[in-house]
Amino acid sequence: MKNRLSPMKNAAFGLVLALQFLTRIPVPLACPWTPETRRFAVRAYPLVGALLGSVLALAAYLLTEVFPATPAPLTALVLLSLWVALSGGLHLDGLMDMADALGSNQPLERRFAIMQDPHVGSFGMLSLFFLLAWKGVLLWALVDAGAPLGWLIAVPALGRLLGAAGLILIPGAKPTGLAHAWQQSLTPVDAAWALAVPLALALFWPGLWLALAAAGFYFLVARRALKRWFGGITGDLAGAMIEGGELWCLLCLWSWWQFATG
(Lines give C-alpha, C1' and ligand atoms only; values in the text may rest on other atoms or scores of the structure.)
Protein backbone atom coordinates (compact mmCIF):
# COMPACT_ATOMS: atom_id res chain seq x y z
CA MET A 1 0.00 0.00 0.00
CA LYS A 2 1.40 3.36 -1.00
CA ASN A 3 2.27 5.70 1.83
CA ARG A 4 0.07 8.81 1.58
CA LEU A 5 1.26 10.62 4.68
CA SER A 6 2.75 14.10 4.40
CA PRO A 7 6.50 14.55 4.97
CA MET A 8 5.78 16.25 8.30
CA LYS A 9 3.68 13.33 9.52
CA ASN A 10 6.31 10.86 8.31
CA ALA A 11 8.96 12.82 10.23
CA ALA A 12 6.81 12.90 13.38
CA PHE A 13 6.10 9.17 13.19
CA GLY A 14 9.78 8.55 12.50
CA LEU A 15 10.77 10.42 15.67
CA VAL A 16 8.27 8.40 17.69
CA LEU A 17 9.61 5.17 16.18
CA ALA A 18 13.15 6.18 17.11
CA LEU A 19 12.05 6.90 20.68
CA GLN A 20 10.30 3.54 20.89
CA PHE A 21 13.29 1.62 19.51
CA LEU A 22 16.07 3.43 21.36
CA THR A 23 14.59 4.24 24.76
CA ARG A 24 12.30 2.96 27.47
CA ILE A 25 10.36 6.23 27.49
CA PRO A 26 6.68 5.21 27.19
CA VAL A 27 5.23 6.56 23.94
CA PRO A 28 1.84 4.81 23.54
CA LEU A 29 1.34 5.54 19.85
CA ALA A 30 1.03 3.02 17.04
CA CYS A 31 3.22 4.25 14.17
CA PRO A 32 2.97 3.12 10.55
CA TRP A 33 5.90 0.86 9.58
CA THR A 34 6.75 2.19 6.13
CA PRO A 35 9.99 2.93 4.26
CA GLU A 36 9.42 6.65 4.81
CA THR A 37 8.88 6.43 8.57
CA ARG A 38 11.87 4.11 8.91
CA ARG A 39 14.09 6.57 7.06
CA PHE A 40 12.98 9.45 9.27
CA ALA A 41 13.45 7.27 12.36
CA VAL A 42 17.09 6.57 11.57
CA ARG A 43 17.66 10.23 10.76
CA ALA A 44 16.26 11.02 14.23
CA TYR A 45 18.63 8.68 16.10
CA PRO A 46 21.06 11.49 17.10
CA LEU A 47 18.11 13.72 18.06
CA VAL A 48 16.85 11.04 20.43
CA GLY A 49 20.38 10.78 21.81
CA ALA A 50 20.44 14.54 22.37
CA LEU A 51 17.09 14.34 24.18
CA LEU A 52 18.43 11.61 26.45
CA GLY A 53 21.57 13.66 26.98
CA SER A 54 19.48 16.70 27.92
CA VAL A 55 17.90 14.69 30.74
CA LEU A 56 21.39 13.70 31.90
CA ALA A 57 22.60 17.30 31.69
CA LEU A 58 19.61 18.50 33.73
CA ALA A 59 20.31 15.86 36.37
CA ALA A 60 23.99 16.85 36.44
CA TYR A 61 23.04 20.52 36.82
CA LEU A 62 20.76 19.76 39.76
CA LEU A 63 23.40 17.64 41.48
CA THR A 64 26.34 20.00 40.92
CA GLU A 65 24.69 23.44 41.06
CA VAL A 66 21.47 23.13 43.08
CA PHE A 67 22.96 20.57 45.46
CA PRO A 68 26.68 21.39 45.22
CA ALA A 69 27.53 19.27 48.26
CA THR A 70 26.81 16.10 46.27
CA PRO A 71 30.10 14.16 45.96
CA ALA A 72 31.42 13.68 42.43
CA PRO A 73 31.39 9.84 42.70
CA LEU A 74 27.71 9.88 43.71
CA THR A 75 26.86 12.28 40.89
CA ALA A 76 28.62 9.99 38.42
CA LEU A 77 26.76 6.94 39.73
CA VAL A 78 23.40 8.71 39.47
CA LEU A 79 24.16 9.81 35.90
CA LEU A 80 25.30 6.34 34.88
CA SER A 81 22.21 4.72 36.43
CA LEU A 82 19.92 7.21 34.68
CA TRP A 83 21.77 6.68 31.40
CA VAL A 84 21.20 2.92 31.55
CA ALA A 85 17.60 3.30 32.72
CA LEU A 86 16.64 5.65 29.88
CA SER A 87 17.89 3.20 27.24
CA GLY A 88 16.62 0.17 29.14
CA GLY A 89 19.98 -1.53 28.69
CA LEU A 90 18.99 -2.30 25.10
CA HIS A 91 22.39 -1.47 23.64
CA LEU A 92 24.22 -3.13 26.50
CA ASP A 93 22.45 -6.34 25.55
CA GLY A 94 23.90 -6.05 22.05
CA LEU A 95 27.36 -5.47 23.47
CA MET A 96 27.13 -8.57 25.67
CA ASP A 97 25.87 -10.70 22.79
CA MET A 98 28.77 -9.57 20.61
CA ALA A 99 31.29 -10.26 23.38
CA ASP A 100 29.93 -13.78 23.95
CA ALA A 101 30.01 -14.49 20.22
CA LEU A 102 33.59 -13.28 19.80
CA GLY A 103 34.77 -14.95 23.00
CA SER A 104 33.45 -18.31 21.81
CA ASN A 105 36.04 -18.43 19.01
CA GLN A 106 33.48 -20.33 16.92
CA PRO A 107 32.71 -20.24 13.15
CA LEU A 108 30.47 -17.46 11.87
CA GLU A 109 27.15 -19.34 11.92
CA ARG A 110 27.79 -20.47 15.48
CA ARG A 111 28.52 -16.86 16.47
CA PHE A 112 25.12 -15.83 15.19
CA ALA A 113 23.50 -18.64 17.16
CA ILE A 114 25.28 -17.50 20.33
CA MET A 115 24.10 -13.93 19.78
CA GLN A 116 20.50 -15.15 19.57
CA ASP A 117 20.81 -17.16 22.80
CA PRO A 118 18.94 -15.28 25.59
CA HIS A 119 21.49 -16.43 28.19
CA VAL A 120 24.52 -14.26 28.99
CA GLY A 121 27.96 -15.88 29.14
CA SER A 122 31.10 -14.92 31.02
CA PHE A 123 32.48 -12.80 28.18
CA GLY A 124 29.23 -10.85 28.05
CA MET A 125 29.31 -10.19 31.79
CA LEU A 126 32.93 -9.09 31.65
CA SER A 127 32.22 -6.69 28.78
CA LEU A 128 29.28 -5.21 30.71
CA PHE A 129 31.35 -4.78 33.88
CA PHE A 130 34.30 -3.08 32.22
CA LEU A 131 32.20 -0.83 29.98
CA LEU A 132 30.11 0.44 32.91
CA ALA A 133 33.23 0.79 35.06
CA TRP A 134 34.99 2.87 32.42
CA LYS A 135 31.89 5.00 31.81
CA GLY A 136 31.41 5.58 35.53
CA VAL A 137 35.05 6.58 36.10
CA LEU A 138 35.04 8.94 33.11
CA LEU A 139 31.78 10.52 34.28
CA TRP A 140 33.36 10.99 37.70
CA ALA A 141 36.47 12.55 36.17
CA LEU A 142 34.49 14.95 33.95
CA VAL A 143 32.18 16.01 36.77
CA ASP A 144 35.11 16.48 39.13
CA ALA A 145 36.98 18.56 36.54
CA GLY A 146 33.97 20.86 36.02
CA ALA A 147 33.62 20.10 32.31
CA PRO A 148 30.73 21.87 30.50
CA LEU A 149 27.41 20.03 30.72
CA GLY A 150 27.09 20.20 26.94
CA TRP A 151 29.22 17.07 26.65
CA LEU A 152 26.45 15.10 28.35
CA ILE A 153 24.11 16.07 25.53
CA ALA A 154 26.68 15.42 22.82
CA VAL A 155 27.92 11.96 23.78
CA PRO A 156 24.55 10.10 23.54
CA ALA A 157 23.86 11.97 20.29
CA LEU A 158 27.20 10.89 18.81
CA GLY A 159 26.70 7.31 19.97
CA ARG A 160 23.36 7.08 18.18
CA LEU A 161 24.81 8.79 15.13
CA LEU A 162 27.28 5.90 14.99
CA GLY A 163 24.44 3.39 15.31
CA ALA A 164 22.57 5.08 12.47
CA ALA A 165 25.70 5.25 10.30
CA GLY A 166 26.30 1.56 10.97
CA LEU A 167 22.84 0.61 9.74
CA ILE A 168 23.18 2.83 6.68
CA LEU A 169 26.81 2.36 5.62
CA ILE A 170 27.75 -1.16 6.78
CA PRO A 171 26.37 -4.12 4.80
CA GLY A 172 23.92 -6.38 6.59
CA ALA A 173 25.44 -9.53 8.06
CA LYS A 174 22.28 -11.56 7.40
CA PRO A 175 19.44 -11.39 4.87
CA THR A 176 16.93 -11.54 7.73
CA GLY A 177 16.31 -9.78 11.02
CA LEU A 178 15.39 -6.30 12.17
CA ALA A 179 18.54 -4.60 10.91
CA HIS A 180 17.95 -6.07 7.44
CA ALA A 181 14.38 -4.73 7.48
CA TRP A 182 15.60 -1.25 8.36
CA GLN A 183 18.36 -1.28 5.75
CA GLN A 184 15.95 -1.84 2.87
CA SER A 185 14.75 1.74 3.28
CA LEU A 186 18.04 3.55 3.86
CA THR A 187 20.48 5.42 1.64
CA PRO A 188 23.66 7.45 2.33
CA VAL A 189 21.50 10.59 2.18
CA ASP A 190 19.92 9.49 5.46
CA ALA A 191 23.38 9.41 7.06
CA ALA A 192 23.90 13.02 6.01
CA TRP A 193 20.58 14.00 7.60
CA ALA A 194 21.49 12.14 10.80
CA LEU A 195 24.67 14.22 11.00
CA ALA A 196 22.65 17.46 11.29
CA VAL A 197 22.09 17.35 15.06
CA PRO A 198 25.75 16.70 16.04
CA LEU A 199 26.86 19.43 13.64
CA ALA A 200 24.39 21.86 15.23
CA LEU A 201 25.71 21.00 18.69
CA ALA A 202 29.28 21.54 17.50
CA LEU A 203 28.42 25.12 16.51
CA PHE A 204 27.70 25.90 20.16
CA TRP A 205 30.66 24.01 21.62
CA PRO A 206 33.81 23.94 19.46
CA GLY A 207 35.25 21.05 21.46
CA LEU A 208 32.74 18.76 19.79
CA TRP A 209 34.60 18.99 16.50
CA LEU A 210 37.23 16.79 18.09
CA ALA A 211 34.53 14.38 19.24
CA LEU A 212 33.05 14.29 15.73
CA ALA A 213 36.46 13.52 14.24
CA ALA A 214 37.01 10.84 16.89
CA ALA A 215 33.59 9.36 16.12
CA GLY A 216 34.49 9.22 12.43
CA PHE A 217 37.70 7.36 13.24
CA TYR A 218 35.81 4.97 15.52
CA PHE A 219 33.29 4.28 12.74
CA LEU A 220 35.98 3.36 10.23
CA VAL A 221 37.64 0.97 12.69
CA ALA A 222 34.31 -0.56 13.78
CA ARG A 223 33.16 -0.99 10.18
CA ARG A 224 36.30 -2.90 9.28
CA ALA A 225 36.10 -5.02 12.42
CA LEU A 226 32.42 -5.94 12.05
CA LYS A 227 32.86 -6.90 8.41
CA ARG A 228 35.80 -9.09 9.35
CA TRP A 229 34.21 -10.71 12.42
CA PHE A 230 30.59 -11.01 11.29
CA GLY A 231 30.45 -10.12 7.60
CA GLY A 232 28.47 -6.96 8.35
CA ILE A 233 26.07 -5.53 10.88
CA THR A 234 23.01 -6.76 12.80
CA GLY A 235 20.71 -5.09 15.30
CA ASP A 236 22.80 -6.37 18.21
CA LEU A 237 25.99 -5.12 16.60
CA ALA A 238 24.45 -1.69 16.01
CA GLY A 239 23.71 -1.57 19.74
CA ALA A 240 27.30 -2.54 20.50
CA MET A 241 28.49 0.26 18.19
CA ILE A 242 26.42 2.75 20.17
CA GLU A 243 27.82 1.64 23.52
CA GLY A 244 31.41 1.49 22.30
CA GLY A 245 31.03 4.83 20.56
CA GLU A 246 29.73 6.52 23.69
CA LEU A 247 32.65 5.23 25.73
CA TRP A 248 35.15 6.27 23.05
CA CYS A 249 33.67 9.78 22.83
CA LEU A 250 33.69 10.13 26.63
CA LEU A 251 37.36 9.19 26.67
CA CYS A 252 38.21 11.63 23.86
CA LEU A 253 36.28 14.50 25.46
CA TRP A 254 37.94 13.90 28.82
CA SER A 255 41.35 13.91 27.10
CA TRP A 256 40.49 17.14 25.29
CA TRP A 257 39.28 18.80 28.49
CA GLN A 258 42.44 17.80 30.35
CA PHE A 259 44.52 19.29 27.55
CA ALA A 260 42.39 22.46 27.32
CA THR A 261 42.52 23.15 31.05
CA GLY A 262 46.01 21.83 31.74
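## Helices that pack, a salt bridge and a surface patch

Helices α7 and α13 are roughly parallel to each other, because the angle between them, about 30 degrees, falls under the 35 degrees that counts as roughly parallel. Welcome to this structure, which is a predicted model. Two packed helices are described by the angle between their axes and the distance between the axes. The points below take three helix pairs in turn, then a salt bridge and a surface patch.

**Helices α7 and α13**

- Helix α7 packs with helix α13 (residues 235-261), and their axes are 10 Å apart.
- The crossing of this pair is left-handed.
- On the α7 side, the contact is made by Leu131, Trp134, Lys135, Leu138, Ala141 and Leu142.
- On the α13 side, the contact residues include Leu247, Leu250, Leu251 and Trp254, and also Glu243 and Glu246.

**Helices α5 and α7**

- Helix α7 (residues 122-144) also packs with helix α5 (residues 90-103), here at an angle of about 130 degrees and with the axes 7 Å apart.
- That angle makes α5 oblique to α7.
- The crossing of α5 and α7 is right-handed.
- From α5, the contact draws on Leu92, Leu95, Met96, Ala99, Asp100 and Gly103.
- From α7, the residues in this contact include Ser122, Phe123, Gly124 and Leu128.
- Leu131 of α7 takes part in the contact with α5, and Leu131 is also listed in the contact with α13.

**Helices α11 and α12**

- Helix α11 (residues 196-204) and helix α12 (residues 208-230) pack with their axes 8 Å apart, at an angle of about 150 degrees.
- The angle is over 145 degrees, so α11 is roughly antiparallel to α12.
- Pro198, Leu199, Leu201, Ala202 and Leu203 of α11 meet Leu208, Trp209 and Leu212 of α12.

**Salt bridges**

- Side chains of opposite charge can pair when their charged atoms come close.
- Five salt bridges turn up in a search of the whole structure.
- Arg39 and Asp190 form a salt bridge through their side chains, with 3.1 Å from N to O.
- Arg39 sits in helix α2 (residues 35-43) and Asp190 in helix α10 (residues 188-194), so this pair ties together parts that are 151 residues apart in sequence.

**A nonpolar surface patch**

- Leu58, Tyr61, Leu62, Val66 and Phe67 make a nonpolar patch of about 480 Å² on the surface.
- One of these residues, Leu58, belongs to helix α3 (residues 45-66).

Notes. Residues are numbered from 1 along each chain as its sequence is written. This is a predicted model: local features need pLDDT of at least 70, side-chain atom pairs count only at pLDDT 80 or more; totals for chains, interfaces and linings use all residues. Side-chain values use heavy atoms; hydrogens and water are left out. Patches are made of residues with over 30% relative accessible area and no salt bridge: like charges are joined within 9 Å, nonpolar side chains (Val, Leu, Ile, Met, Phe, Trp, Tyr) within 5 Å. Accessible areas come from the Shrake-Rupley method with a 1.4 Å probe; for residues, only the protein chains shown count as cover. A salt bridge is a side-chain nitrogen of Lys or Arg within 4 Å of a carboxyl oxygen of Asp or Glu. Helices (H or I, at least four residues) and strands (E, at least two) are DSSP runs, numbered from the N terminus. Axes are lines fitted to C-alpha atoms, for helices over the stretch in contact, and angles run from 0 to 180 degrees between N-to-C directions. Angles under 35 degrees count as roughly parallel, over 145 as roughly antiparallel, 65 to 115 as roughly perpendicular and the rest as oblique. A crossing is left-handed if the near helix is turned anticlockwise from the far one by less than a right angle, and right-handed if clockwise. Contact means heavy atoms within 4.5 Å.
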